[in-house]
Structures are given as structure tokens and as C-alpha cells.
Amino acid sequence: MTKRKKALMITSIILGVLILLMAGIFINHKIRLNSEKELLAPLGKLVEVDGHNMSVYTEGDGEATLVFMSGSGTCSPILDFKSLYSLMSDDYTIAVVEKFGYGFSDVVDRSRDIDTMLEDTRAALTAAGMTAPYILCPHSMSGLEALYWAQKYPEEVTAIIGLDMAVPKYYESMEINSFMLSLSSWAADFGITRLLPGISESEAILHGTLTEQEKDIYRAVFYTRTATSTMLKETEAVKDNAKLVESKGAPQLPMLLFISDGSGGTAFDKETWRSIPKEYIAQVEGGEYIELDCPHYVHDHEYQLISEKIRDFLAEDNT
């Protein structure tokens, strides 16, 4: 056998093994998805927005409504915020909106410019029986949507409680790696993520107050709502969205920012992460901030303290 034929044979064997391995990974993923279906009954209401289903969870019947808005890539917003809002629902109405591509909402091929996302959120709340005004509680990237909401419809927003929320300046130097985003989406769809130990163990699972059943639901949602195509569109649009929000200035309304130490996936060092929102809140008359010595998902770590500080802040402002 010639060297060339031997090389071709070895290459063919390697390719065959890889194909069988990938086929096994994909088949295992599909089998596991089928077995997890019973865990995927929607936790909230499914309401129709522009011909697609959006998930909205509500709890409590207080006079003021707190609307929790998730950060980029948070696969299960309803469960992610539960440790915090469960401490608030005795005195407030709670609403958690799962954007398209997240949680139990549909994955859609729909623009993720900030106007479209905001109108989707408003329409979903209305369809779920909620009425403005609202106290917005955004985490991370959804801070842009909350600020834009207060800019565009000031009569609908009485306060913003930022849960380590993003402000426009964070995105000035951000590089969007479309190739890596697409690769992560493919890996999730193919089932490769199931090979990575602990990847489905969210901050809510590790540090929050979820029951064992809720943890299992979170893991099941993770394997259907990780790096969805809708999430990718949102990330690709974020720099333009941030520029638009920045151009309109800081809205003037009661605003409290909880600021983490920047760990847990922000890609910023502690000093930079904390300095940017401090500069922003300085533009808001009467704005306040609280620094927390915990990672980015503050509501999964300091939920007790945050719930107390929110109550104090809203009582002071009579919101």
C-alpha cells in the first residue's frame, strides 16, 4: 500500500469515527429533549404578540407592578428572578416578561431593534392583563430597553430598579464576534452543550431558592433556549440600540442601581464595571446606587438584601 493510500485510509477512518460520534451526540440530544418535554409546561401565560407566543408570568396583587426584564442569554427569566420576586409578591404585583427566544416564548426571526423589543414587551403585558404605570426591574442588557421605555413613554414608568443593569457606555468598546455566536448556537442545537459538565447549572440553581423541581425545569429550558437565533439577533443589534438610548439622554425619574463586582460574565474589571453606572446615575436627579460584593446575577446572590432595599427606596419615593 502506498503512503498516499494509507493516508487516505487513515483520514477516512478518522472522518468516519467523527461522523459516528457527532451522530451519537445529536441522537442523544434528541432523545433527552423528548424525555424532558414533561418539564416544559409553560410557567406563566402564553399571549399572542404579532402572531407568535410570548410568555408572561404574574404573581401577587399589589397596587404597584414590578416588571422584571432579563439580561442577554438568560434562558429562563421566570425562574432566574424567582428568588427575588417571591420575596416581593406579598406587597406588589409581579410580572416577568420572557422576550422572544427566551424561556417559554417562541424563537422567531424578528428584528431586535430596541423599538421592536419594547413594543413586544408592552403588547405582551397588555395581553396578560397588566396596565401601566410600571416599576421596571431590568437585569444586564435589558437596562437599555428599560431606559428607552422611560424615554419614549415616561407616563408608563414610575421608577427603574437596575439589577446590575447595562447602560449605553458599556457597549461603546464591545466587539461582537458573529462567528463565535453562531458557533455557540450550533453547539446548543446539536447537543454538544450536554457534554460540558455543569454548563446548565445557572446562578439561580446554584445560589437561589429554587426547589428541586424548579431546578430540573430550568435545566430542561436551558437545552431548548441557549444561544437561540433570536438571542443572537439581539446581541448583534445591541450597539445600535445603545447608541439610540445614549442619544436621548438619561431619563429623569426615581432610579436605584444595584451594582455588582463585575464578575460572572461581564468581561469588565471591577473598577471599570462599577465606574460606568456611577457616571450614568450621576446624571439622574435623586438617583441612587448600592454596590454589592457579588457577581453579575445579583438577584440570585443578594435577593434578601435587594428586596429590603427596593422596599425602602420605593417607600421613600412614594412610587
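**Entry 1: strand S4**

I started with strand S4 (residues 93–98), and 6 of its 6 residues turn out to be buried, meaning under 20% relative accessible area with a 1.4 Å probe and protein chains only. Strands here are DSSP runs of E with at least two residues, and helices are runs of H or I with at least four, numbered from the N terminus. A note to self: this is a predicted model, where local features need pLDDT of at least 70, side-chain atom pairs count only at pLDDT 80 or more, and totals for chains, interfaces and linings use all residues. Residues are numbered from 1 along each chain as its sequence is written, and side-chain values use heavy atoms, with hydrogens and water left out.

Next I looked up which way the side chains go. Thr93, Ala95 and Val97 point one way from S4, while Ile94, Val96 and Glu98 point the other way. In a regular strand, side chains alternate between the two faces of the sheet.

**Entry 2: neighbours of S4**

I checked pairing, which needs at least two DSSP bridges between two strands. S2 (residues 52–59) runs antiparallel to S4 over 5 bridges, and S3 (residues 65–69) pairs with S4 in the parallel sense, also over 5 bridges. I found Val96 opposite Tyr57, and Val96 is the bridge partner of Phe68 too.

**Entry 3: two helices**

How are H4 and H5 oriented to each other? H4 (residues 114–127) and H5 (residues 142–152) pack at about 80°, with axes 10 Å apart. They are therefore roughly perpendicular, a label for angles of 65 to 115 degrees.

Technical notes: Buried < 20%, exposed > 50% of the residue type's maximum accessible area, 1.4 Å probe, protein only. Axes fitted to C-alpha atoms, helices over the stretch in contact; angles between N-to-C directions. Parallel < 35°, antiparallel > 145°, perpendicular 65-115°, else oblique.
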